[in-house]
Amino acid sequence: MLEKLAKQTAIYGISTIVVRFLSYLLTPIYTYTFTQAEYGIVTDIYALIPFALVLLSMGMESSYFRFAAKAEAEGGSDEEIRAKKRHLFATTWGATLVASSIFFVLVVLFRSTIARWMGDAYVGNELYVVLVATIILFDVATMIPFSRLREQGRALKFVTLKACNVVINVTLAVVFQATGLFETAFGVGWVFVTNLVASVATFLLILPTTERTVPRIDRAQLRRILAYSLPLLVGGIAGTANEFIDRQMIKYLLPEDISMAQLGIYGAITKIAVVMTLFTQMYRLAAEPFFLANFSKEEFVESNAAALKYYMMASMMIFLGIALFRDVFALIVGRDFREGIFILPVILGGNILAGVWLNLSFWYKREEKTRFAVYVTFVGLAFTVAMNLLLLPRWGYYGAAWARFIAEAAMVGVSYYLNRRYFPTPYDVRRIVEYVVLGIGLFVLSEALLPYLGEGVRYGVNIVIFASFVAYAVWREKIDVRAMLRSVLRRQ
C-alpha cells in the first residue's frame, strides 16, 4: 500500500514541481517590477482567494472522495458503480456552481462597499474586486472536475491541465511586463487579468473530462453529503483563516504608512518557502484519495503511521536544502524584498507542521468524525489571532512568522491528542523526533560556523551538512534508492 502512495506522490510531485517552477517565475517578475506596497496588494488579494475557495467548495472535495469510495464498497456491476459516481459528481459540482454564482453576483452588486472594507488601496479600483470575484467563480467551477480526475487516478491529465493554467499565467505576465502594462495606471490590476484568462482557459479545457455530465443537484444526496462536509467546511474556513489571516493582521495592526510594504515583504519571503508548501501539496494530492479509500483499519493504521515518518524525513531534507542556502533563494525576489530573508527558517518550520497535522487528519475523515476538524482548526485560529496580537506590534512580519509557527504547532498537538484518545495510531515518534532534532542541530551548527567561513567555503560546508543528513536518513531507513527510482519511473 505504502509503495502505491509513494508512487502517486512522486507522479504528482515530479509533474507539480515542473508546474510550480513555472509559477515561481511570477515572483521575480512581480517583485522586480512592483514596489513593496504594490506587491502588498497582490499578497493581500491572494491571501483572500483561498479563503473564498474553501468557503464556496463547502468541503465537497473530500466528500467526493469519501462517497465515491462508498459507491464502490456498496458493490454492483461496473456500470452501476459508474452511474453512482456520475450522479455524485453531478450533485457536488452543481452545488459548488450554485454557491460560486451567488457569490459572484453579490460581489459585483456590492463591489464599492467591499473595496472600502478592503482599504484605501482599493478605493477607486473596484475593478480589482470584480476581476478577483470572476477568478474565484471559474476556479470553484473546476474544483470538483479536478477532484474527479484525482479519484480516477488520472494524475497526468490533472497535472497537464494545471500546467496549462500556469503557462498561460506566466506567459501573459511576461508579455505584460515587456509591453509596460504593469507600469500603467491600472498597475497590479493586470496581475489579476492574467490570472483570470488562465482560469477561464482551464475551465474550458477541463469541460471535456466531465463527459457531458450536466450539473444537477439531488437534494437527498446533497443532505447526506453536507452532513459529512459541513464540519470540514467549518474546519476549512478556520484552517484557511489561520493560514492567511496573518496577512490581514499585518495590514490592519501595523501603522498605515508601513503596513502594505511589510505585507509585500512578508508575502515575497513566503513565496520562497513554496518548495516546502509544494511538497505538502503534492503529498496531499496523492494521500487524500489514497487514505479515504476502503482499506481495512489495520492497513490504514500501518500505512498512515509509516507515511508520517517518511513525510517528516523528507520535510527535514527540504528544510535544510532551503535554509542552508537561503541567500541563494533570496535572489528570486527583488532587492527591496530581501531584507526579510531571515524569517525564512521559521516559515519553513510552520509549513512542515501544516503537513504533520494534515497527516493526522486522515483518520477522522476516514471514520467520518469530521467534527474533529473544527476543534483542531479553531484552536489554530485562536493561537494565530492571539500570537499576532502579541507579536506583530513588537516584531512586525517576523512576529507574524512566529505566530503562524506557534499556531501550527498547537494544531499538531491537538490532532495528536485526539488521535491517541480516539484512534490510536502507532506513529514512530522516536524516529520522527530524531530527524527533527538532527535537522535543527545541523542548521544551528551551520549558523554557528557562518561568521568564521568565507562565502565559497561556507557553501561547501553546507553541502556536506545537507548530504550528511540525506545519507543518514537513507542508511537509517535502509532505503534502496535504485529500487525506489525504478518504481517511480516505471509506468503505471
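Residues 24 or more positions apart account for 85% of the contacts in the protein chain with a separation of 6 or more, a contact meaning heavy atoms within 4.5 Å. The model is predicted: local features need pLDDT of at least 70, side-chain atom pairs count only at pLDDT 80 or more, and totals for chains, interfaces and linings use all residues. Residues are numbered from 1 along each chain as its sequence is written, and side-chain values use heavy atoms, with hydrogens and water left out.

**Overall composition**
- The protein chain contains 21 helices and zero strands; these are DSSP runs numbered from the N terminus, with helices being H or I of at least four residues and strands E of at least two.
- Of its 492 residues, 54% count as buried (buried: under 20% relative accessible area; exposed: over 50%; partly exposed: in between; 1.4 Å probe, protein chains only).
- About 21,800 Å² of the protein chain is exposed, and carbon and sulfur atoms supply 65% of that area (Shrake-Rupley method with a 1.4 Å probe; for residues, only the protein chains shown count as cover).

**Salt bridges**
- Eleven salt bridges are present in the structure, each being a side-chain nitrogen of Lys or Arg within 4 Å of a carboxyl oxygen of Asp or Glu.
- Glu477 pairs with Lys309, with the closest N and O atoms 2.9 Å apart. This salt bridge links helix 20 (residues 455-477), which holds Glu477, to helix 13 (residues 297-323), which holds Lys309, across 168 residues. Both Glu477 and Lys309 are buried.
- Arg326 and Glu447 form another salt bridge, their closest N and O atoms being 3.0 Å apart. Because Arg326 lies in helix 14 (residues 326-329) and Glu447 in helix 19 (residues 429-449), the pair ties together parts 121 residues apart in sequence. Arg326 is buried at 17% relative accessible area, whereas Glu447 is partly exposed at 30%.
- Glu434 forms a salt bridge with Arg476, at 2.8 Å between the closest N and O atoms. Glu434 is in helix 19 and Arg476 in helix 20, so this pair joins parts 42 residues apart in sequence. Arg476 has a relative accessible area of 27% and is therefore partly exposed.
- Arg86, Arg148 and Glu211 are joined into one network by salt bridges that share partners.

**Nonpolar surface patch**
- Val98, Ile102, Val105, Leu106, Leu109, Phe110 and Ile217 make up a nonpolar surface patch with about 630 Å² of accessible area together. Patches consist of residues with over 30% relative accessible area and no salt bridge, like charges being joined within 9 Å and nonpolar side chains (Val, Leu, Ile, Met, Phe, Trp, Tyr) within 5 Å.
- Leu106, one of these residues, belongs to helix 5 (residues 78-109). Leu106 counts as partly exposed because its relative accessibility is 44%.
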